[in-house]
Amino acid sequence: MVNTLVIDYSRCHGCGECELACATISKMNKGSSRPRIMSFIWDVEGWGIPIACQHCQDAPCRAVCPTGAIYRDEEFNRVMVNYKRCIGCRMCMAVCPFGAMDFDREVNRVIKCDLCDGDPLCVKLCSYEALQYIDVKEQSIPKKTEVAEKIREILLGRKTGSKAGLIQE
Amino acid sequence: MLYGWSGKMLRIDLSTMKSWVEDTEPYIPSFIGGKGLSVKIIYDELGPEIGPFDSENRICFSPGILSGTMAPAHSRMKITSVAPNGYLQNSGTGGYIPAEIKKAGYDNVIVQGKSEKPVYLYVNNENVEIRDATHIWGMDTQAAQRVIKEEIGDLVKIACIGPAGENLVSISCIITGVGSVAGHGGLGAIMGAKNLKAIAFRGTGQVRIARPSEFLKLCKETHLWMRETPGMKAQSREGQGDKGLLEYSYQSGQGVLGNFEEKDASWDNIGDFGSGDEFYAKYGSHQYGCYGCPVHHFHVFDIPGKCRGAVKCSGWYDFSGPVWVSDRKVIAQAFILCNSYGLDSASTGNAVSFLMELYHRGIISENDTDGIPMRRGDEKAIFAAIEKIAKQEGFGKLFRDGVWGAAKEIGKEAEECAVLVNKQTLTIFEVRAFKSAALAATLGDGIVRFGGSVHELEWGWDKERMEKEAQECYGSKEAAIPYSYEKKALSVWDNENRNTVIDMLGTCFWVIQATTGTIKLDIPVELLSLATGRDIGEEELLWAAQRVLTLERACKVRRGRGRDRLPRRLFETAVPDGIFKGERLSEEKFEEMLDEYYSLRGWDENGVPKVETFMKFGLLSEWKIFDRHLKSEG
């Protein structure tokens with residue numbers, strides 16, 4: 001089983017706990033206090049959207065890296081940077097479609113989410129389960145269920161009021 | 001190296017359009033941080049001759065020490081200034097801006113002087129800009145924030161005032177985001193007097209933590225523990241949220257009927273509140289919270305064609321019982337209107353209920369209120385009053401100085417109906433039944449934070465536990481029983497101290513109360529010592545809190561505060577309905593309570609801190625200033 005970080009944007013209330021947790025743990029382990037996941041908060045509407053690395057299968061950052069510093073780590077199903085090879089050219093930042101690749105002035109190198117080696121703290125602290133660390137196979141199940149339910153309702157003729165089972169007068 | 005604190009305070013002078021940075025460190029040993037810093041600064045810099053609307057008046061925005069860190073539920077700040085009623089006032093708000101100020105690298109932001117034209121402040125880390133605000137002057141609070149975000153960027157966090165603050169209405173608030181409000185005290189008018197429409201912050205720095213791994217561990221544990229406590233579970237996605245609050249206000253006897261009236265007052269006049277579930281399903285949009293908090297306490301409502309905004313907690317009290325309304329839609333709409341216009345909803349609710357009483361008793365007619373009859377529970381009357389007060393049109397002009405000004409204008413009969421403590425109305429809370437709330441209201445210019453004592457407030461939920469804890473803390477279970485007078489002074493004294501500590505740390509008083517049941521300080525104190533690396537214990541913090549409260553009182557005394565008083569009506573009338581029906585506040589016992597409180601604080605019978613109290617807390621230089629004042633007064 002390979003888990004991955006799944007974001008349900010409709011559940012996010014924008015408390016920013018994920019970015020705070022990320023900044024704190026990153027500062028401790030990697031010396032850089034810039035969060036790898038960022039919560040964009042529209043406080044006038046009371047809304048938030050967290051943005052983080054999607055760990056793409058065919059990652060543009062990996063393709064563009066001139067020194068081959070970016071690689072896929074199949075153990076945790078993640079995209080990682082090998083800092084021994086990284087020259088800090090920031091090409092990966094330029095091509096990332098999510099802006100998830102970031103540069104930190106404190107340590108002077110690109111930074112990205114590493115899924116906390118399989119135990120992401122942001123997921124643990126997300127009160128409303130907007131962030132989940134689940135099997136990739138599970139990601140589409142809730143949405144599929146939702147659509148299936150809709151179709152089922154239509155087929156069952158909910159509008160006419162009749163349901164499966166015995167028809168009671 | 002300083003941990004926890006950033007060590008810098010930002011001071012902005014709007015008269016000279018200059019800003020500079022000051023050192024926090026000298027203040028830390030005695031005044032810790034947050035509210036403590038502001039009180040000390042205002043005590044030192046503002047003599048009693050400086051009025052609230054003078055350009056010399058300061059307004060301090062002080063986030064707690066732990067704001068901006070990972071500590072859960074710590075994004076709070078205190079706004080402190082000389083309020084329109086002439087006394088030092090604190091008003092708290094949460095939201096995102098307290099953490100943003102800390103991340104920008106400041107422990108406190110002090111604004112002084114007065115700009116000639118409307119401006120707003122934009123601070124991006126160390127860059128301070130004073131920008132023109134002519135184009136947003138007059139806009140409502142939400143529109144103004146949107147325009148500023150368009151100009152600067154979405155990530156900026158803003159605290160601003162609405163038309164009410166601009167018009168120097170003394171019941172105006174400061175609002176940040178969609179619904180985090182520093183309401184009581186009318187500090188919006190202070191910003192208005194300085195021609196300061198808003199402050200906008202963007203911080204990309206960090207709060208330095210002394211012992212990060214232990215701090216992180218404790219934060220994580222606290223966070224997970226908080227989510228599992230019953231109080232928080234009730235607020236969660238699957239829980240009830242504030243749905244039951246209206247019924248609770250009535251069932252627990254905390255809600256107020258009308259303008260603290262007794263005659264013709266019954267909950268039957270209001271009618272049924274209807275189903276909360278239905279209302280939330282129909283109009284509720286989503287929940288959201290403050291920065292870094294596991295509890296998402298705000299409910300955003302979308303009332304089509306009318307308004308959109310957040311309502312939480314006491315917001316449900318403000319426009320229900322006091323203005324005889326049971327319709328949730330009207331209550332939410334009135335609250336959101338107040339937030340948009342930048343009015344303090346509690347004080348505005350009081351103002352409307354005051355008008356409704358006058359109309360009900362025939363003291364005023366619709367001719368006095370621009371042809372709008374101020375009938376009890378009339379939604380048109382409520383919305384018109386809110387709009388007119390904020391915009392200072394028609395009869396709204398009467399309320400420029402709040403209910404106090406209106407009563408003086410209308411005449412003697414009206415003055416008898418004005419329920420005021422030092423020119424301010426009371427928080428919507430039945431102080432006649434809850435005795436420690438009565439004591440807290442008189443001390444805090446009408447503000448009753450958690451009924452003065454958490455034990456008393458929570459008694460309705462959990463009698464046995466509160467009585468047991470009161471027995472342990474104050475030596476008598478009576479301290480938890482609302483209508484008893486016993487040990488109430490002690491419990492108010494203790495609660496005030498604890499509340500001051502959490503104001504210094506930036507802890508959310510609502511969350512700490514809902515998670516620990518009472519205000520238990522062990523976790524915040526441990527977080528503080530891990531964050532700052534200093535060994536500051538609970539005792540030391542409580543001692544510092546008493547020091548700050550003494551100084552705050554001294555500040556008020558210098559401005560003419562004598563023995564605290566409650567309005568006559570609260571002694572003369574009884575609770576009209578509900579579980580405490582017929583309950584009265586005895587004047588004699590109240591005075592006894594007050595004397596007991598003063599002696600606990602080391603103040604004399606007029607509430608003037610004694611010389612030995614100053615010395616006990618090491619306030620030597622402060623005493624010299626105070627002594628000069630006392631001598632000049634003779």
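Biologist: How many residues of domain 1 of chain B are in contact with domain 2 of chain B?

Modeller: This is a predicted model, where local features need pLDDT of at least 70, side-chain atom pairs count only at pLDDT 80 or more, and totals for chains, interfaces and linings use all residues. Residues are numbered from 1 along each chain as its sequence is written, chains are lettered from A in the order in which they are written, and side-chain values use heavy atoms, with hydrogens and water left out. The domain assignment (bounds from an automatic or database source) gives domain 1 as 8-202 and domain 2 as 237-425. Counting contact as heavy atoms within 4.5 Å, domain 2 of chain B contributes 30 residues, and domain 1 of chain B contributes 34.

Biologist: Which three residues supply 23% of the area that domain 1 of chain B buries against domain 2 of chain B?

Modeller: Buried area is the accessible area (1.4 Å probe) that two parts lose on being put together, summed over both. The two domains of chain B bury about 2600 Å² between them, 56% of it on carbon and sulfur atoms. On the side of domain 1 of chain B, more of the area comes from these three than from any other three residues: B:Tyr96, B:Ile171 and B:Val178.

Biologist: How many residue pairs are in polar contact between domain 1 of chain B and domain 2 of chain B?

Modeller: Happily, salt bridges (a side-chain nitrogen of Lys or Arg within 4 Å of a carboxyl oxygen of Asp or Glu) are quickly told: the rule finds 0 across this interface. A polar contact is a pair of N or O atoms within 3.5 Å; within protein, one must be able to donate a hydrogen and the other to accept it, and residues adjacent in sequence count only if both atoms are side-chain atoms. With both residues at pLDDT 80 or more, the count of pairs is 17.
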